[in-house]
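Colleague: Please take a close look at the part of this chain that carries a domain annotation, and say what surrounds the ligand. A few words on one sheet elsewhere would also help.

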Amino acid sequence: MAVDYTTRDGVAVITLNNPPVNGLGLATRAGIMDGLARADRDPAIVAIVLTGAGKAFSGGADITEFNTPKATQEPTLATVIRAVEGSAKPVVAAIHSVAMGGGLELALGAHYRVAVPGAQIALPEVKLGLLPGAGGTQRLPRAIGLEAALNMIVSGVPVMSEKLAQSGLFDEMAEGDVLEAALAFARRAAARDMGAGGTHPRLRDRKIQHDNAAGFIQFARNSVAAVAKHFPAPGKCIDAIEAGVLKGFDQGLAFERECFVALVQTPESRALRHAFFGERAASKIPDVPSDTPVRAIKQVAVIGAGTMGGGIAMNFVNAGLPVTLLETKLEALERGLATIRKNYETTVKKGKLTQEALESRMALIKPTLSYDDLAGADLIVEAVFEELGVKEQVFRRLDEVAKPGAILASNTSTLDLNKIAAFTKRPADIVGMHFFSPANVMKLLEVVRGKDTAKDALATVMQIAKQIKKTAVVSGVCDGFIGNRMVEQYVRQALFMLEEGALPAQIDGAIERFGFAMGPFRMSDLAGNDIGWAIRKRRYQEQPDMHYSKIADRLCETGRFGQKTGGGWYDYVAGDRNARPSALVDQMIVAYSNEVGRARRKIGDDEIVERLVFALVNEGAKILAEGIASKASDIDMVYLTGYGFPLSRGGPMLYADTVGLYNVERAMARYAAQPNGDAWQIAPLITELAAAGRGFNG
Ligand code: NAI
């Protein structure tokens, strides 16, 4: 039963009952229509109360019906709202907990609204690249005024009901039981409306309040253009609201619908919806049922208080979990603790943390030099030097001291997790937790599943990831896991393009205009060019057949490691992180092309973007085919949350689908025929899907 119908002394109560948040799926919408008809037929009923069971009035559209025929099947939400608004008997919405999206639009269709404090009120459609498509852009401004409504619609941010108490949205703010208050209100309204000749107030008949609507709308447009460059939805929200101001309710409503239909089709909305569902899907592991029992994690330990260890410890502490932090030397331990404190102090200075909270977080960290202090830990995360020998020492020692059932995790970014597991007698308890730098800030956590990792250990780590607010994506064991394995091919293409005719600023500029937060050369200067150099040196040994441009090695040989040495691909002035093109480096690049006999040519921005992004896509396809990632959206989540891939494009795999795999494959074949074309070993999965007319995401 998606909707319950009861009567209370002459008032019909229509209760949405579609857990968890009374999403307005087809059955719920049909149930409301039935309830309205039943109340209308019954002469004993004088008024109707519309409310929600459980934890919400209504959270809006039913996300399980997204992209299914049910979403657009009659009765649509617009039909339901018309029926509510047109009811011959007064309808009172009783609002509590959550009224969002379509849920709020439904309430706006009612003749009266009674609410309790503490309810979250929002039209969050813009966050999915859409606008409220069932009258929200028309009715909310008539309820709370142009300015407040525009802010809510364009930002999608929830406002608490008590903040809207004086706004005209609610006819009564109730304390206590919202249903009882609404019932009493409904009876009074019925008596009053009869006196008024049987008409009920409708928001659509109200005027939109503002002294200077045109000026405000122009101001809003300018502000939105600056902050939402890559997204059309916020601008469309303003257009729809403006239509209501200029042309009245009916034309505004029709225009809102037009905008909604257009926005659903945009790649940006598709990307945002993909990311929304991708985030949820990432926590689902095909062969690990969601009801797998998890191990209790009450006490955490971190080994190594360096760059990563400190940030990792902060994550757990921020979630209220005590952390034992182990180092080999007192000096390193003290340095690590001081860095953590300094990070928190910066947050205090920004006003986002109180001094007391800082002290209580620091008090949750127990520094130690002794492995004996790890005996109580339920989860131990290792973040020591990236050398297998050091990892071996640590894991052998952990195997001796850790309690049975403790999860032993490694933050290694390149080493073989199965080898690490083999250092212990408990490989089922070993898992990778690959954090990204800075670990206390970056959302991404690659959870690496070894060949023996137990399902409950994996499920536990996924749950703890949620607790520390990370986007966790499961990766199988391979060199670089999902993210770094793909980025290596991206960087490889960037270096080839330098050799073939481009310069760092041109490559960075092209990919940044595409929407990346930072191009490959600015990124490398920030992380340190020596890191990639070390990886390449290892590659030359392990995979002598794989060919690289040696231009980056030349740069490193001159000691230009990036920002930390005052120069890398770019020049840097002390105290300023701005990258300035370096004449010296640019000359070095040209000289290198001459030396290796590569005729330099002008490379267009389109080619730069294609070669960089399709290099990611090609490696992503191999990762998918090998089962290192279990779904394409997992790869996209890695890139959206860990590598600054533009959210408006939805990640490399969705972007490839948007371009069409047939076109992607043709472009790859074209690049394969150019100099350095041997890097394009097209993934068989791409050929297969392109031939079938399919994409990575179906
Ligand atoms: P780091 O050099 O900053 O820190 C390592 C810390 O471990 C040092 O404080 C050192 O004193 C300590 N240590 C070394 N041997 C130890 C032992 N036997 N017992 C206890 N402590 C010991 O290195 P970083 O950058 O924090 O890297 C740590 C791990 O995280 C490596 O496996 C690295 O590959 C991985 N990683 C690093 C990322 C980065 O961006 N720096 C990103 C993701 C993973």
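Modeller: UniProt positions are given here in the numbering used for this chain, feature names are shortened, and an annotation may be inferred rather than shown by experiment. Bear in mind also that the model is predicted. With that said, an unreviewed UniProt entry places the domain "3-hydroxyacyl-CoA dehydrogenase NAD binding" at residues 299-475. Over that stretch, helix makes up 42% of the chain and strand 20%, while the C-alpha atoms at its two ends are 25 Å apart.

Next comes the ligand. Around the ligand there are 25 residues, and those that come nearest are G304, G306, M308, E386 and S437. Three elements each give two or more residues to this shell: α11 (307-318), α14 (388-401) and β15 (430-435). Sorted by type, the shell holds twelve nonpolar residues, eleven polar ones and two charged ones.

Now the sheet. It is open and has three strands, in the order β5-β7-β8, with mixed pairing. Its edges are β5 (98-100) and β8 (159-160), each of which pairs on one side only. Strand β7 (residues 120-122) pairs with β5 in the parallel sense, over three bridges. Within this pair, Q120 of β7 stands opposite V98. Helix α3 (residues 102-109) packs on the sheet and touches both β5 and β7. The direction of α3 makes about 90° with that of β5.

Definitions and conventions. Residues numbered from 1 in each chain as written. Predicted model: local features only at pLDDT ≥ 70, side-chain atom pairs only at ≥ 80, totals over all residues. Helix = DSSP H or I, 4+ residues; strand = E, 2+ residues; numbered from the N terminus. Pairing = 2+ DSSP bridges. Contact = placed C-beta atoms within 7 Å. Axes fitted to C-alpha atoms, helices over the stretch in contact; angles between N-to-C directions. Near = placed C-beta within 6 Å. Nonpolar A, V, L, I, M, F, W, Y, C, P; charged D, E, K, R; others polar.
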